[in-house]
Amino acid sequence: MRMENQRTLPRHIAIIMDGNGRWAERHALGRIAGHKRGAKSVKIAVKTCREIGIQYLTLYAFSVENWSRPREEVDALMGLLEKYLRAELQEMIKNNIRLMVIGDIETLPSPVRKILTESMDKTAGNNGMVLNLALSYGGRDEIVDAVRKIMQDRENGKIDLRHITKEVFSRYLHTANIPDPDLLIRTSGEYRLSNFLLWQTAYTEFYFTDVLWPDFRRKHLMAAIADYQRRERRFGLISNQVQKD
Ligand code: IPE
Ligand code: IPE
Ligand code: MG
């Protein structure tokens, strides 16, 4: 199925999948049950984006700050992540989806790292859509990382101070080769970035919904996209200067 208005379809959607804990609480369940339910919403979001022709989908699945949650919750999230990746690999291959990851992968438990590497390798040639998972991700950490890499390259004579531009800097981020998000969705009625894609969201359109992540369905995603399509992105210009499509 194609969207009516292909021209203004966001090329890259990023989602802060929030509200699993509160969903569980409302259903008198433990937080982990909320995360389990959240996995179903992930599958629906991936399927929908692939079907309507979104080129990049970035999902904030685990922040660098989330490591400080209670040990049982962190362990359960890592277990669910591993299970999700194992279950979805064939689906990604079948649907021509390429898996990518941003964040500090080295800090993830080795079974998760293993299946991630395998999935990235096996889907590397796919070009239907990029599914980009933010795992152990922090926007500030990513920027500091980029500075370190640039300094290293300078020490090795690979880059000169004069050559550091916004474009060059972007290529040192974890999202090198991924365009900036056009639309960022956050569920659960929170109005903040929580250290997500700080550099990349400079001109992203934001969409907030009270729906909790485990309740997020295709119709909610379509509503977010429809809202995006009604907006005028001016990038600092005045309305008359903006190319209408
Ligand atoms: C989002 O849901 C999932 C992760 C952060 C891993 P939360 O677990 O943050 O749910 P709330 O915000 O406590 O409801
Ligand atoms: C952001 O949600 C991280 C993810 C969705 C993975 P949090 O629930 O961790 O964010 P805060 O703590 O409410 O800002
Ligand atoms: Mg939360």
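Ligand 2 is surrounded by Ile16, Met17, Asp18, Tyr60, Ala61, Phe62, Asn66, Arg69, Arg186, Arg192 and Ser194. The model is a predicted one. By class, the shell around ligand 2 holds five nonpolar, two polar and four charged residues. Strand E2, which runs over residues 56–63, gives the most to this shell, with three residues.

Three side chains place polar atoms by the oxygen atoms of ligand 2. For Ser194, a side-chain N or O atom is 2.6 Å from an oxygen atom of the ligand. For Arg192, a polar side-chain atom lies 2.8 Å from an oxygen atom of ligand 2. For Asn66, the distance between a side-chain N or O atom and an oxygen atom of ligand 2 is 3.0 Å. On its own, ligand 2 has 390 Å² of accessible area, and the protein covers 77% of it. The space that ligand 2 takes is the largest pocket.

Ser194 deserves a second look, this time for its backbone. Ser194 is not a glycine, yet it has a positive phi of about 45 degrees. The residue belongs to the loop between strand E5 (183–186) and strand E6 (205–208). Is Ser194 buried, partly exposed or exposed? Ser194 counts as partly exposed because its relative accessibility is 29%, and the partly exposed class runs between the cut-offs of 20% and 50%.

The next site is that of ligand 1. Which residues surround ligand 1? They are Met17, Asp18, Gly19, Asn20, Gly21, Arg22, Arg31, His35, Ala61, Asn66, Arg69 and Leu77. Met17, Asp18, Ala61, Asn66 and Arg69 are among the residues listed around ligand 1, and these names also appear in the list for ligand 2. The shell around ligand 1 divides into three nonpolar, five polar and four charged residues.

The polar contacts of ligand 1 include both backbone and side-chain atoms of the protein. A polar backbone atom of Asn20 is 3.1 Å from an oxygen atom of ligand 1. A polar backbone atom of Gly21 is 2.9 Å from an oxygen atom of the ligand. From the side chain of Arg31, an N or O atom comes to 2.8 Å from an oxygen atom of ligand 1. Taken alone, ligand 1 exposes 380 Å², of which the protein buries 86%. Helix H1 (20–26) and helix H2 (31–52) are the elements that give two or more residues to the shell around ligand 1. Of the elements, H1 gives the most, with three residues. The space taken by ligand 1 is the largest pocket, and that description also applies to the space taken by ligand 2.

Between H1 and H2 there is a loop, and Ala28 is found in it. Ala28 has a positive phi of about 55 degrees, although it is not a glycine. A positive phi in a residue other than glycine was also noted for Ser194, at about 45 degrees. Ala28 is classed as exposed because its relative accessible area is 71%, and the exposed class begins over 50%.

Away from the ligand descriptions, Ser136 lies in strand E4, which spans residues 129–137. Which side chain does that of Ser136 contact? Its partner is the side chain of Trp67, in a polar contact of 2.8 Å. Ser136 is buried, since its relative accessible area is 3% and buried means under 20%.

Helix H4 covers residues 110–123 and contains Asp121. Lys122 also has its place in helix H4. Asp121 is exposed because its relative accessible area is 58%, while Lys122, with a relative accessible area of 48%, is partly exposed. The cut-off between these two classes is 50%.

Two C-alpha distances place these H4 residues relative to other parts of the chain. Asp121 and Leu131 are ten residues apart in sequence, and their C-alpha atoms are 13 Å apart in space. For Lys122 and Val46, the separation is 76 residues in sequence and 18 Å in space, again from C-alpha to C-alpha.

Technical notes:
Residues are numbered from 1 along each chain as its sequence is written. Chains are lettered from A and ligands numbered from 1 in the order in which they are written. This is a predicted model: local features need pLDDT of at least 70, side-chain atom pairs count only at pLDDT 80 or more; totals for chains, interfaces and linings use all residues. Side-chain values use heavy atoms; hydrogens and water are left out. A residue is near a molecule or strand if one of its heavy atoms lies within 4 Å of it. A polar contact is a pair of N or O atoms within 3.5 Å; within protein, one must be able to donate a hydrogen and the other to accept it, and residues adjacent in sequence count only if both atoms are side-chain atoms. Accessible areas come from the Shrake-Rupley method with a 1.4 Å probe; for residues, only the protein chains shown count as cover. On a 1 Å grid over the protein atoms alone, a cavity is a set of points where a 1.4 Å probe fits but cannot get out, and a pocket is an open set with protein on both sides within 12 Å along at least five of seven lines; lining residues have an atom within 4 Å of a point. A molecule sits in a cavity or pocket if more than half of its atoms lie within 2 Å of its grid points. Helices (H or I, at least four residues) and strands (E, at least two) are DSSP runs, numbered from the N terminus. Ala, Val, Leu, Ile, Met, Phe, Trp, Tyr, Cys and Pro count as nonpolar, Asp, Glu, Lys and Arg as charged, and the others, Gly among them, as polar. Buried means under 20% relative accessible area, exposed over 50%, partly exposed in between (1.4 Å probe, protein chains only).
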